[in-house]
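I sat down with this one to see how its rings pair up and where its empty space lies. Here are my notes, entry by entry, for anyone who likes to follow along.

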Amino acid sequence: MINQKIVTIERFLLDTQPELARGELTSLLYEMALAAKIIAAQTRRAGLIDILGFADNVNVQGEEQRKLDVYADEVIFRVNCHTGRLCAMVSEEQEDMISIPPEYPKGSYILVFDPLDGSSNIDTNISIGTIFGIYRTLDEKHPGRLEDCLQPGRNLVAAGYILFGPSTMLVYSAGLGVHGFTLDPGWGEFILTHENIRIPEQPTYFSFNHAAAKHFTQGMNEYIEWLRNHCDPVLTQRYVGSMVADFHRNLLHGGVFGYPAEPSKPDGKIRLLYEAAPLAFIAEQAGGYGSDGTQSLLNIKPAEIHQRVPVFIGNRFLVEKAEYFISNYQKQN
Ligand code: P6P
């Protein structure tokens, strides 16, 4: 049922979250909406313009950068670097913390982001996404130091993602529930379409890359066996290979997404600061939970900005079941 009301992000923040609407945080969310529109305009035309394929370099993760990765990273920086709201940024595409250029004023917030997650899917026109988190500086007198960026997800003041799919959606939480906005490309506005998203009590999906099963620990294999044959309700398997798409589907229909550790990836693949923690914040705000298999992802303080972490995220009882099987196995070994 389409909303009768037409509510933009700005209107929504002013009407429903007045304690946020005055501050820099609202403007930050608005700036991320602007970045989303700019990136969406390019992803929508990918294939028609020279924006597909590989850029000529490898990022800090050792992954071949796609042109859209580089483009999205640059757009988010250029939209946010001069506003005076931020004192630092962290991007998956940049090795070190990004300081605010000296010619611009510094603010109190830190923006951490993965500019385009799932970019290996771009050339095959599969949904991709941007993930972001917003922290407040720990020291107003000395804002923008590395420790400001190495905060646990519990300290997030807001988090969100942009899903570039059949439509472009921006989903965010500022600690007052999870709300989704869909971009009307004709109007150039994000319109409220999913107010106060709650993960359904009854899940539908489980999302793992079973090609990695040969590397799963016994605890993981027992968990997958439980998901396949003993979970009530019976689940079905969906795995896009683009975490924002998998996360969003499971948020709306219930389920669990997981990327466990493997021998070649002892800490898993997903990055804690700008992927796992923001999504765990959103999951928890929607009634779900995110864990590394032993503890809440929101309780983990990053040791370095690109730290990886095993991830299980979705319905609380499904994630706690992962913790049970994994800890049970660890006790036996
Ligand atoms: P695999 C994209 O590179 C990503 O980080 C997530 O978006 C996605 O869920 C995962 O990797 C897919 O990894 O190893 O299953 O191809």
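**Entry 1: ring pairs**

I began with the aromatic side chains, and my count came to 10 aromatic pairs. This is a predicted model, so I read each value as computed.

I looked up Phe 208 and Phe 312 next. Their ring centres are 6.2 Å apart and their planes meet at 45 degrees, so I noted the pair as tilted. Phe 208 belongs to the loop between β11 (205–207) and α6 (218–229), while Phe 312 is in strand β15 (residues 311–314). The two are 104 residues apart in sequence, so this pair ties together distant parts. Both Phe 208 and Phe 312 are buried.

Phe 312 has another partner, Tyr 223, and that aromatic pair is edge-to-face. I found 6.3 Å from centre to centre and 75 degrees between the planes. Here too the pair links distant parts of the chain, since Tyr 223 is in helix α6 and Phe 312 in strand β15, 89 residues apart.

Are these two rings buried or exposed? Tyr 223 is buried, with a relative accessible area of 0%. Phe 312 is buried as well, at 1%.

I then followed the ring pairs outward. They link Phe 208, Tyr 223, Trp 226, Phe 312, Tyr 324 and Phe 325 into a cluster.

**Entry 2: charges over rings**

Which ring has the charged end of Lys 321 over it? I found that end over the ring of Tyr 324, 5.4 Å from its centre. Tyr 324 is also one of the residues in the ring cluster above. I noted Arg 316 too: Arg 316 lies over the face of Tyr 289, at 4.2 Å from the ring centre.

**Entry 3: two loop residues**

I looked up Glu 195, which lies in the loop between β10 (189–194) and β11. Glu 195 is partly exposed, with a relative accessible area of 44%. Which residues does Glu 195 touch, leaving aside those up to four places away in sequence? I listed Phe 12, Thr 16, Val 178 and His 179. I also checked Glu 195 against Gln 4: they are 191 residues apart in sequence, and their C-alpha atoms are 13 Å apart in space.

Ala 46 came next, in the loop between α3 (24–43) and β1 (54–58). Its relative accessibility is 26%, so Ala 46 counts as partly exposed. Ala 46 and Asn 125 are 79 residues apart in sequence, yet I found 8.4 Å between them in space, C-alpha to C-alpha.

**Entry 4: the second largest pocket**

Asn 125 turned up again when I looked at the second largest pocket. Its volume is about 360 Å³, and 19 residues line it. Which of them lie nearest its centre? I wrote down Thr 43, Arg 44, Asn 125, Phe 164 and Gly 165. Sorting the lining by class gave me 10 nonpolar, seven polar and two charged residues.

**Entry 5: closed cavities**

Rolling a probe the size of a water molecule over the atoms shows where empty space is left. How many cavities of 30 Å³ or more are there? I counted two.

The largest cavity has a volume of about 50 Å³. I listed its lining as Ile 199, Phe 247, Asn 250, Leu 251, Phe 257, Ala 283, Ile 313 and Gly 314. Two elements, α7 (243–253) and β15, each give two or more residues to this lining. The largest share, three residues, comes from α7. By class I noted six nonpolar, two polar and no charged residues.

The second largest cavity holds about 40 Å³ of space. Around it I found Asn 209, Ala 212, Phe 216, Tyr 239, Gly 258, Tyr 259, Pro 260 and Glu 262. This lining divides into five nonpolar, two polar and one charged.

**Entry 6: helix α8**

Ala 283, which I had met in the lining of the largest cavity, is also among the buried residues of α8. Why do I call helix α8 (residues 272–285) largely enclosed by the rest of the structure? Of its 14 residues, 12 are buried, so the description fits. Among the buried ones I noted Leu 272, Tyr 274, Glu 275, Pro 278 and Phe 281.

My last look was just past the helix: Gly 287, just after α8, takes a positive phi of about 95 degrees.

How values were computed. Residues are numbered from 1 along each chain as its sequence is written. This is a predicted model: local features need pLDDT of at least 70, side-chain atom pairs count only at pLDDT 80 or more; totals for chains, interfaces and linings use all residues. Side-chain values use heavy atoms; hydrogens and water are left out. Rings of Phe, Tyr and Trp (its six-membered ring) pair if their centres lie within 6.5 Å; planes under 30 degrees apart count as stacked, over 60 as edge-to-face and the rest as tilted. Helices (H or I, at least four residues) and strands (E, at least two) are DSSP runs, numbered from the N terminus. Buried means under 20% relative accessible area, exposed over 50%, partly exposed in between (1.4 Å probe, protein chains only). A charge sits over a ring if NZ of Lys or CZ of Arg is within 6 Å of the ring centre and within 35 degrees of the ring normal. Contact means heavy atoms within 4.5 Å. On a 1 Å grid over the protein atoms alone, a cavity is a set of points where a 1.4 Å probe fits but cannot get out, and a pocket is an open set with protein on both sides within 12 Å along at least five of seven lines; lining residues have an atom within 4 Å of a point. Grid points are joined across faces, edges and corners, and a volume is the space filled by probe spheres set on the points. Ala, Val, Leu, Ile, Met, Phe, Trp, Tyr, Cys and Pro count as nonpolar, Asp, Glu, Lys and Arg as charged, and the others, Gly among them, as polar.
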